[in-house]
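Hi,

Here is the structure I promised to pass on. Have a look at it first, and then read my notes below.

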Amino acid sequence: MTQTATTDAGTPTELEPLLSARQVTMRFGGLVAVDKVDFDVYPGEIMGLIGPNGAGKTTFFNCLTGLYKPTSGRVVFNGALLPPKPGRVVRAGVARTFQNIRLFANMTALENVMVARYCRTSSGPLTSIVRGPKYRREERETEDRATELLDFVGLPEVAGNLARNLSYGDQRRLEIARALATDPKLLLLDEPTAGMNPQETRQAEELIFKIKDRGLAVITIEHDMRFIFNLCDRVLCLVQGRPLVLGTPDQVQSDPRVIEAYIGTGAQEADGQVGRDA
């Protein structure tokens with residue numbers, strides 16, 4: 001499916017989806033965690049994924065990134081079928097962060113970013129062991145790129161600090177820098193502001209807009225509704241693994257079904273509540 005967009009000059013153009021999921025279903029025995037989800041993301045778009053706890057949001061992320069092989073359905077990325085293998089998904093151009101921080105605690109911030117960059121290097125085992133010219137060149141390039149990304153996410157001064165000694169907000173930003181080191185076209189963020197204070201949340205929002213300005217598409221799971229509706233171009237609400245509403249932030253936050261799913265009461269009583277922090 002194509003989407004009509006406009007260029008900077010206002011000329012209509014047709015965009016093909018960067019990522020297209022069709023009828024993605026994930027079953028665990030008798031439990032259907034994700035149920036026939038159709039989902040498109042376009043180049044340069046920020047897409048929000050919301051839903052009550054247990055709605056299947058992270059499971060759907062795992063299906064998109066190869067951690068789970070969907071029971072049925074398919075995921076196409078950049079015109080090719082996306083294999084259910086995390087390493088090949090990353091090399092194809094899809095990167096992610098996790099709900100629970102997964103940094104290498106006893107490595108420095110710079111080393112954490114450099115590790116992710118190695119998926120884009122080509123030095124073989126022998127060249128790496130003897131530290132030949134190709135290895136030394138790629139190592140310099142990797143360090144330069146990691147340093148650039150730490151500066152991009154606002155962490156230039158902590159390059160030599162161990163990841164475990166960073167503040168919570170800085171660890172979240174370091175995770176994003178590490179994901180960006182893989183040169184993705186699509187970045188998936190699983191609750192990037194969880195546990196953050198309001199100032200850190202604003203910084204995260206600004207960083208995601210900067211990422212979009214670089215031409216990347218972003219999908220983010222988040223429970224902070226104000227954050228999601230300020231940030232996203234479109235939002236998909238999942239309930240019990242099924243798509244409930246897909247639309248613009250205004251359409252989704254005013255939909256009585258979304259209010260019902262979150263508040264668990266009649267739309268009349270809950271009117272306006274979804275737009276607040278939830």
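What follows is a short tour of the sheet, a helix that packs on it, and a hairpin.

One thing to keep in mind: this is a predicted model.

Let's start with the sheet. It is open and has 6 strands, in the order β8-β9-β10-β5-β11-β12, and the pairing is mixed. At the edges you'll find β8 (94-96) and β12 (242-247); each has a single partner strand, so one side of each is left without a neighbour in the sheet. Going from one strand to the next, the twist averages 20 degrees.

Inside that sheet, have a look at β9 (residues 186-190) and β10 (residues 217-221), which are parallel and share 5 bridges. If you want a landmark there, find D190, which sits opposite I221 in β10.

Now for the helices on the sheet. Helix α6 (residues 168-180) lies across β8 and β9, and its direction is at about 155 degrees to β9. Helix α7 (residues 198-213) also packs on the sheet, where it touches β5 (46-50), β9 and β10. The angle between the directions of α7 and β5 is about 135 degrees.

I spent most of my time on α7. It has 16 residues and spans 23 Å from its first C-alpha to its last, close to the 22 Å expected at 1.5 Å a residue. Which of its residues are buried? They are E200, T201, A204, E205, L207, I208 and I211. Looking down the axis of α7, the buried residues fall within an arc of 165 degrees, so they line one face of the helix. P198, E206 and D213, on the other side of α7, are exposed.

Both ends of α7 are worth a click too. At its start, a side-chain oxygen of N197 comes to within 3.1 Å of the backbone nitrogen of Q199. Just after the helix, G215 has a positive phi of about 95 degrees.

Last stop, the hairpin. Strands β3 (residues 19-28) and β4 (residues 31-41) pair in the antiparallel sense over 7 bridges, and M26 has V34 in β4 as its bridge partner. There are 2 residues between the strands of this hairpin, and G29 takes a positive phi near 65 degrees. β3 is also joined to β6 (residues 72-77) by 5 bridges, and those two strands run antiparallel. There, L19 is partnered with F77 of β6.

Over to you now!

Definitions and conventions. Residues are numbered from 1 along each chain as its sequence is written. This is a predicted model: local features need pLDDT of at least 70, side-chain atom pairs count only at pLDDT 80 or more; totals for chains, interfaces and linings use all residues. Side-chain values use heavy atoms; hydrogens and water are left out. Two strands pair if DSSP finds at least two bridges between them. Helices (H or I, at least four residues) and strands (E, at least two) are DSSP runs, numbered from the N terminus. Axes are lines fitted to C-alpha atoms, for helices over the stretch in contact, and angles run from 0 to 180 degrees between N-to-C directions. Contact means heavy atoms within 4.5 Å. The expected span of a helix is 1.5 Å times one less than its number of residues. Buried means under 20% relative accessible area, exposed over 50%, partly exposed in between (1.4 Å probe, protein chains only). The arc is that of the directions from the helix axis to the C-beta atoms. A polar contact is a pair of N or O atoms within 3.5 Å; within protein, one must be able to donate a hydrogen and the other to accept it, and residues adjacent in sequence count only if both atoms are side-chain atoms.
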